[in-house]
Protein chains: 4
Amino acid sequence: MTGEGDQVLAERVVKGMVARDAFSRWLGIEVLEVAPRRCTCRLTVRDDMVNGFGVAHGGIAFSLADSAFAFACNTGGSVTVSIENSVTYPAPVRVGDVLTAVAAEEATSTRLGYYRAEVTNQRGEVVALFRGTAFRTSRTHETV
Amino acid sequence: MTGEGDQVLAERVVKGMVARDAFSRWLGIEVLEVAPRRCTCRLTVRDDMVNGFGVAHGGIAFSLADSAFAFACNTGGSVTVSIENSVTYPAPVRVGDVLTAVAAEEATSTRLGYYRAEVTNQRGEVVALFRGTAFRTSRTHETV
Amino acid sequence: MTGEGDQVLAERVVKGMVARDAFSRWLGIEVLEVAPRRCTCRLTVRDDMVNGFGVAHGGIAFSLADSAFAFACNTGGSVTVSIENSVTYPAPVRVGDVLTAVAAEEATSTRLGYYRAEVTNQRGEVVALFRGTAFRTSRTHETV
Amino acid sequence: MTGEGDQVLAERVVKGMVARDAFSRWLGIEVLEVAPRRCTCRLTVRDDMVNGFGVAHGGIAFSLADSAFAFACNTGGSVTVSIENSVTYPAPVRVGDVLTAVAAEEATSTRLGYYRAEVTNQRGEVVALFRGTAFRTSRTHETV
């Protein structure tokens with residue numbers, strides 16, 4: 001179903017998005033893998049990412065998952081925007097933890113894509129479960 | 001129902017949390033108002049907060065709402081942690097926008113608090129609707 | 001902003017939807033009030049609505065809120081469908097309880113409507129907090 | 001990790017819950033499979049389950065997923081209650097459709113369980129994606 005052209009398009013779109021994504025850069029997000037409707041990202045939690053309890057702010061795991069989701073849902077070449085997200089936090093995240101988010105499409109309809117992202121730490125423990133719904137606009141990444 | 005002591009406690013707890021919250025500091029979050037089970041926070045969107053589309057990364061409005069929620073749900077003095085969040089984005093956020101999040105308790109049960117936060121921009125437009133569920137642990141902020 | 005014509009349209013659309021809504025009828029849902037982007041519904045919890053713990057099944061409060069949301073988000077005359085819902089349950093619901101759901105729009109964008117519904121029991125206690133995102137199609141209720 | 005005793009307990013707990021669950025009975029829910037932290041349920045959509053658009057009411061797929069989730073998260077023998085659910089609807093559900101929900105644990109912490117349920121129709125299309133967070137109380141099913 002997914003040909004070589006789809007993989008090339010996916011990589012080109014994500015490369016373009018990453019180049020402009022200043023916040024993902026501040027977070028130290030690396031894109032480990034891109035495929036149609038799928039993306040894996042990683043970051044290492046720093047001292048400046050903690051909240052009032054000294055553990056990682058909820059926004060850190062959220063933002064990592066959200067970036068992986070945004071990259072994954074744009075791989076088809078249509079400009080695709082997030083409508084809604086939910087997130088849970090099964091385990092706390094600490095400074096020095098290395099977090100990996102794998103975002104992948106779970107279902108699709110005419111204009112919407114339904115994604116799930118799982119964030120794990122360096123011990124393979126699930127630290128966040130993220131869901132995202134995306135809306136495919138009629139614009140393409142060529143015209144952005 | 002809410003006495004002067006509750007207000008003093010609320011302010012003391014939030015002051016302590018803010019002092020340790022490095023990520024909220026990076027975000028430039030100011031706490032505008034604190035009351036029992038309620039908190040208002042503000043930030044100005046900077047160049048280093050944009051995503052691959054040149055608008056604010058979803059994590060920015062999320063993190064602002066999440067900080068306001070975390071402060072609000074801890075005002076009672078019990079160490080209270082986020083279990084789950086959901087967020088929607090009715091309007092895009094741009095560099096230079098001034099975002100204000102008002103987080104307040106909608107309902108409570110024995111161990112859980114249910115919060116809603118609304119994020120508006122400088123024109124009063126709703127840019128994010130956030131919901132958070134919080135778990136009150138048996139520890140208090142004195143013992144943190 | 002909202003004229004008499006809007007109110008007439010809202011009432012006509014909801015009346016038509018209610019007439020076809022067999023599941024809401026089984027639930028015993030009464031529509032108490034309709035206005036543009038707003039609807040209030042009520043039901044009484046019966047013996048055949050309990051779950052394995054002898055309290056109301058989560059699907060009962062959910063379905064009441066979902067009906068109120070569906071009616072509210074269609075009041076503008078465009079066929080509008082639910083994309084996503086979330087729900088929390090601050091208090092249990094028992095047989096004999098009378099539940100009232102108030103659904104109202106919190107924000108809107110070009111094609112999407114963001115709704116909140118609060119479900120209370122006969123003592124005014126919040127038993128469910130519901131959020132719904134709706135997509136306005138280009139069809140109108142005349143053509144259904 | 002999961003022994004024969006766990007399987008016996010899981011089956012016994014779910015059998016007891018099903019026996020009391022009047023709403024699941026009305027829905028025609030059959031339990032197809034039970035295992036520790038996992039349950040599969042099925043129903044056939046009837047005429048009395050439609051909404052104002054003549055397709056299945058959102059509460060039907062939700063309730064099927066919610067029952068599968070409730071059974072799955074109680075298999076360990078602790079009385080476990082739902083805190084929060086979210087659901088999306090990638091495809092419409094029609095009268096006569098046979099829906100199957102598979103609920104399984106995605107992660108766990110001291111007191112909470114995080115579950116996902118996927119609802120598919122007789123053609124294997126995903127019609128609902130459901131997430132549930134559950135709280136394990138200190139009571140056991142023996143004492144209910």
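Which residue of chain D comes closest to the rotation axis? The residue is D:Ser86, whose C-alpha lies at 2.0 Å.

The model is predicted: local features need pLDDT of at least 70, side-chain atom pairs count only at pLDDT 80 or more, and totals for chains, interfaces and linings use all residues. Residues are numbered from 1 along each chain as its sequence is written, while chains are lettered from A and ligands numbered from 1 in the order in which they are written.

**Chains C and D**

Two copies of a chain are related by a rotation about an axis and a shift along it. A turn of 180° with a shift of 0.0 Å along the axis lays chain D on chain C with an RMSD of 0.0 Å. That is the relation of a two-fold axis. The copies are superposed by least squares on the C-alpha atoms of residues with pLDDT of at least 70 in both.

100% of the interface residues of chain D are also interface residues in chain C, so the copies meet through the same surface. Residues are in contact if their C-beta atoms, placed from the backbone, lie within 7 Å. In strand 3 of chain D, D:Ser86 stands opposite C:Ser86.

**The two contacts**

Helices (H or I, at least four residues) and strands (E, at least two) are DSSP runs, numbered from the N terminus. Two strands pair if DSSP finds at least two bridges between them.

| Contact | Residues from each chain | Strand 3 (residues 78-88) pairing |
|---|---|---|
| Chains D and C | 30 residues from chain D, 30 residues from chain C | five bridges, antiparallel |
| Chains B and A | 30 residues from chain B, 30 residues from chain A | five bridges, antiparallel |

One of the bridge partners in strand 3 of chain B is B:Val87, which faces A:Asn85.

**Helix 1 of chain A**

Helix 1 (residues 4-20) of chain A has 17 residues and should span 24 Å at 1.5 Å a residue (1.5 Å times one less than the number of residues). Its end C-alpha atoms are 25 Å apart, which agrees.

A residue is buried if 20 or more other C-beta atoms lie within 10 Å of its own, exposed if 12 or fewer, and partly exposed in between, with C-beta atoms placed from the backbone. In this helix A:Ala10, A:Val13, A:Val14 and A:Met17 are buried. Seen down the axis, the buried residues fall within an arc of 95° (of the directions from the helix axis to the C-beta atoms), so they line one face of the helix. They pack against strand 1 (30-35), strand 2 (38-44) and helix 3 (58-73) of chain A. On the other side of helix 1, A:Glu4, A:Gly5, A:Val8 and A:Ala19 are exposed.

Note on methods: Contact = placed C-beta atoms within 7 Å.
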